[in-house]
Amino acid sequence: MSRNPSEAETRQHLINRQLAQAGWSTQQRNLLDEFLLSDTLRQAKESQGTYWVGNEYVDYALVSPDKKPLAIVEAKRSSRDALAGKRQASDYADRIREKHKFEPFIFLCNGETIYFWDRERYPLRIVSGFFTEEDLARLAFQRQYRVPLNQFSASKNIVDRLYQLEAIKRVTESLEQGQRKFLLVMATGTGKTRTVIALVDLLMRAKWIQRVLFLADRRELVRQALGNFKEHIPNETRAWIEGREVDSTARIHVATYPSMMKVFQQLSPGYYDLIIADESHRSIYGRYKALFQHFDALQLGLTATPTDYIDHNTFELFKCLDGLPTFYYPYARAVDEGYLVNYRALEAQTTFQLQGIKAGQLPPELQRQIEEQGIDLSELNFEGGDLERRVTNAGTNDALVKEFMAKCRKDATGSLPAKTIIFAMSHRHAVEIWKSFNRLYPDLQKRGLAEVIDSHMERADRTLDDFKRKNMPRVAISVDMLDTGIDVPAIQNLVFAKPVFSQVKFWQMIGRGTRLWTDPQTGEKKADFLIIDFWNNFAYFNMNPEGEIASPTEPLPVRLFRLRLEKLALLRSQEQTEAIAATITQLQQMLAQLPTDNINVRPHLQELAELATAGAWKSLDEAKVEHLSTAIAPLLRFLPDINLPVMTFDVKIDRLAVTYLAGQVDLLDKQRESITEDLKLLPANLPDIQAQREKLAWMKSAKFWQHLSYDRILDLQTTFDSLMRFRQRPRRDLIELNLPDQIATRRWVIYGPSGEGAFAENYREQVEAHVKTLAEQHPTIQMLIRGENLSDKEIESLAHTLNQSDLFVTEDVLREVYDRPNATLIDFLRHILGLVQITSQEEEISTAFEEFIAAHPGFSAKQIYFLRTMRSAILRRTRLTVHHLQQPPFSRVGAVHRLFEEAELEEILNFSNKFVA
C-alpha cells in the first residue's frame with residue numbers, strides 16, 4: 001500500500017480485512033460491495049427546497065440472510081477524516097429506511113478509525129471494530145421491542161431500600177437521555193451487587209439489554225456475584241469465564257479482570273450490551289482499560305471508595321467529567337440512616353516499631369541473647385518499618401497479640417474475642433502471629449481460636465466458611481484474601497498489623513466491619529466496631545488524604561525505547577556510524593512488534609510504516625525526537641509477550657550505554673553492581689549458560705569493567721539478554737529474633753465540646769496549619785510575629801478566635817497534644833510560628849536528669865548508671881516505686897538500698913515521678 005493510499009487502496013488493504021475479521025465478506029454473501037440504492041430518478045423534498053436524486057451506491061451493505069441491509073459502511077481514504085461521510089451515510093440510510101421499512105445501522109471508517117451510529121438511540125461514537133451479524137441482529141431486536149424504562153420498576157424481591165431504588169432510577173433516567181456510561185459510588189455493605197442485579201433484571205425485562213459481563217478483581221467476588229445472579233435472576237443463563245473458554249449460550253458472564261484479558265479478543269466489539277466493573281478505580285484505567293476500549297457496551301462502574309479519593313481517570317473513564325458520579329451513597333450517610341455501623345479506633349505501637357531494633361541501643365543482656373542465637377550484632381540495624389520485611393521479632397508479635405486480647409471487643413460471655421480479622425503483611429507474618437497465639441493462649445488455640453486464612457493455606461475456602469458460619473475460629477489472620485469481598489456481619493474487631501498505602505484499599509478493609517448484625521444469643525444489635533491500628537494508618541491518611549502518591553510508573557518497553565532514542569542522539573553526536581545503524585535497527589524492531597489491530601496503535605499505522613524505512617531516521621531534529629518520545633514511545637506499552645527479566649536487563653544495559661557515552665563515570669559503579677548481580681543469578685548448571693561460562697566469568701570480573709567500551713557493552717547485551725529468561729530470583733534471608741517488646745504509644749485526644757476526638761499527631765498537624773493560615777490576616781498574631789507584647793484583653797480575644805469549630809483550639813487541649821503541661825497558649829503559638837522552640841518531653845526529661853546528676857557530684861559511676869536506667873523507664877511513662885527498683889533491669893545494675901541512702905532514694909523517686917504525674 002502506498003504512503004498516501006487512495007480510497008480504493010484503503011478499502012482493499014485495510015477495510016476489507018477489518019470486515020472479514022467480523023465475519024463479513026462477499027464469499028459469505030453477507031457483504032454487498034457498491035450497494036445500489038436506486039435505479040430511477042425521484043423527487044426528494046426537504047425544508048430547503050426540492051432536488052433530484054438518481055443512482056447512488058453505498059460503499060458496503062452488511063445484509064441479513066434475507067438480504068435486507070442491517071448496516072451500511074461509508075468508507076474514506078486514510079488521509080481523510082472518517083466523519084466526512086456522516087451526512088452522506090445519513091442520506092443513504094434515509095433512502096434504505098424508505099424502501100425497506102428498516103433503519104440501518106451506520107459505520108463510518110477510513111481504515112484507522114471506525115464510527116458506529118445507531119441514529120434512533122445514541123450519538124455517533126468510535127468503536128474498536130465492526131460488529132458481527134449476530135451483534136447487529138441483537139441490536140435491531142432491542143431497538144424494535146424495547147419498552148420505555150419509566151414503565152418498569154425494580155423488583156422489590158431484589159432491592160427494597162430507598163437509596164438502592166434511587167440508584168437504579170438515576171441510571172435508567174440517564175439511559176433514556178442517551179448516556180452510555182455510569183458510576184455508582186456506594187459504601188461497602190450497602191448492597192452494590194444487589195442494586196446492579198436489580199438493574200440488570202429491569203433492563204432485560206424492558207428489552208434494553210440481553211448480554212451482560214460482570215467483572216471483579218478477585219475470584220471470591222466473582223463467585224459471590226455468580227451466586228447472587230443465580231439467587232435473584234434464576235431464569236437467566238450464567239457462566240463463569242476462566243481459562244480460555246467462553247460459553248456463548250450464557251446471557252450473563254462473570255469473570256476476573258485477568259481472566260477476561262485472556263479471552264476478550266476472541267469476542268467481537270459488539271458482543272456485550274452491558275459491562276459492570278466492580279471496584280472501579282485506577283487499576284482499571286491502567287491495566288484493564290483495553291477491555292473497555294474493545295467492547296462497545298453500556299458501562300457501569302461500582303466502587304465503595306469515597307469520591308474524594310477516586311482517581312480523576314476513573315471519572316474520565318465513566319464520563320463523569322464534572323467529578324460527580326451517577327449516584328453517591330457515602331459511608332457517613334449510610335451510618336446516619338441506620339444501614340451501616342460506625343467504628344471506633346485505637347492506635348498503638350510497640351517500642352521496636354517506633355525506635356527500630358539496633359544493637360547499640362539494646363541492653364547488654366539482650367545483646368548476649370542475640371549473640372547466643374548466633375546472630376552477628378553488626379547485622380542488627382533495623383528501622384521500625386523493617387519489621388516483617390527484613391526482620392521478624394517474636395516479642396513484637398506477642399505484644400500485638402496481647403494488646404489485641406486485652407482491648408478487643410468480646411463476645412456475649414465477655415471472655416473470648418468477637419469475630420475478628422487481623423490484616424498481616426505477608427503469609428510468613430500471618431504464621432508468626434498465629435504462633436504468638438499458640439505461645440500465649442495455648443488453651444484457646446486448642447479450641448481453634450485463631451487461624452491463618454490466605455491463599456497459601458490448603459482448603460482456605462473451607463476455613464473461611466467456618467469463620468463465617470461456625471463459632472470457631474473467632475480470629476482470621478489474613479493477607480489480602482479477606483481485604484475485600486467477604487461478608488461476615490458478626491465482625492466486631494479489625495486489626496491493622498500492617499501499613500496500608502492505598503486509600504482505596506484502606507476503605508475496602510474498613511468495610512469488612514461495617515455491616516449490621518444482631519447477636520443471636522442476646523438479641524443485642526451491633527452499635528459499632530473496633531479498629532486496632534498498629535501502624536498509624538489513620539494518621540497517615542488524615543495527613544495525606546489521597547494516600548501515597550506514587551510517581552507515575554513508566555512501562556519498561558516505553559523506558560527502553562526512550563533510552564535507545566537518547567543513545568541514538570549521543571552516538572550521532574560522536575559520529576559512530578555502525579552503532580547508529582544498529583540502534584536504529586533496535587528501535588525499528590521494537591516498533592515492528594506493535595499489534596497493528598490495537599485501537600491505540602491503529603491511528604499511527606501510516607507513521608509506523610514510514611519509521612520502518614531507513615530514510616525516516618536520517619534527519620532527526622530535536623522536534624522529531626521529542627515527537628517520537630511523547631507520541632510514539634507510549635505505544636510501546638502495548639507490546640505483547642514481554643519477558644520481564646530480559647527487558648529489565650536490556651533497560652539496565654542501555655542505561656549503562658547512555659551513561660558511558662555521556663561520560664557520567666560517577667554513575668558507572670552503581671550500574672555495574674546491578675548488572676553483575678543479574679549475571680550472578682544465572683543458573684550455572686544450564687547448558688545455555690555453560691556455553692557462555694568463560695564470557696560470563698570475564699564480564700563479571702573487574703578487568704572487564706576497568707576498560708569499559710561501547711563495544712563491550714554491546715557484546716554484554718547481545719550475549720546475555722536472551723539468557724536472562726533463566727535468571728533466578730534473589731534470595732533475601734529474613735533474620736529471626738525473639739526479643740521482648742511492648743506497646744509504647746496509644747494516644748487519642750478529645751478536643752470538642754461534643755466529644756469530638758482525633759489522634760493527637762493528626763490534630764496537631766491540623767492546628768499548626770490553621771494557625772499559619774490565620775497568621776496571614778489576624779492582627780494579634782502579626783503583633784506576636786513582630787515581637788510585640790500582648791495585653792490580657794488581646795490574648796483573651798485571640799483565645800476566643802481559636803476556640804471555634806471545627807478544631808476548638810484551647811490552651812488545655814494544646815497542653816495535652818504537645819504533652820507540655822506548663823506551657824501557655826502564647827508559648828504554643830510562638831512554637832507553631834517558628835519564633836521559639838518548645839522542647840519535647842524526651843528532651844526535657846533527658847536535660848533534667850543531666851542537671852540532677854550534675855547537682856549531685858558525689859554520685860558514683862554505678863549510681864549514675866542506675867539513674868540512666870531510671871531515665872529510660874520514665875521516658876516510657878512508667879511511674880516508679882521502690883519495688884520496681886528492686887526488680888530487673890534495675891537489680892542488674894545493683895541493689896538499690898546498697899547504692900542509695902533512704903533520703904537519697906526518696907529524693908530520686910520524687911524527682912523522677914514528677915514527669916509521669
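Q: Where in this predicted model does Pro 889 lie?
A: In this predicted model, Pro 889 occupies the loop between α37 (882-885) and α38 (890-893).

Q: What kind of peptide bond joins Pro 888 and Pro 889, and what is its omega?
A: The bond joining Pro 888 and Pro 889 is a cis peptide bond, with omega at about 5 degrees.

Q: Which residues does the cis peptide bond with an omega of about 0 degrees join, and where is Pro 473 placed?
A: That cis bond joins Met 472 and Pro 473. Pro 473 belongs to the loop between α17 (460-469) and β23 (475-478).

Q: Why is Lys 207 called partly exposed?
A: The relative accessible area of Lys 207 is 34%. Buried requires under 20% and exposed requires over 50%, with partly exposed in between. Lys 207 is therefore classed as partly exposed.

Q: What is the phi of Lys 207, and where is this residue found?
A: Phi of Lys 207 is positive, about 65 degrees, although Lys 207 is not a glycine. Lys 207 sits in the loop between α5 (192-205) and β10 (212-216).

Q: What makes Asp 480 partly exposed?
A: Asp 480 has a relative accessible area of 37%. Because partly exposed covers the range between the 20% and 50% cut-offs, Asp 480 is therefore partly exposed.

Q: What is phi of Asp 480, and in which loop is the place of this residue?
A: Asp 480, a residue other than glycine, has a positive phi near 70 degrees. Asp 480 is placed in the loop between β23 and β24 (491-496).

Methods
Residues are numbered from 1 along each chain as its sequence is written. This is a predicted model: local features need pLDDT of at least 70, side-chain atom pairs count only at pLDDT 80 or more; totals for chains, interfaces and linings use all residues. Side-chain values use heavy atoms; hydrogens and water are left out. Helices (H or I, at least four residues) and strands (E, at least two) are DSSP runs, numbered from the N terminus. Buried means under 20% relative accessible area, exposed over 50%, partly exposed in between (1.4 Å probe, protein chains only).
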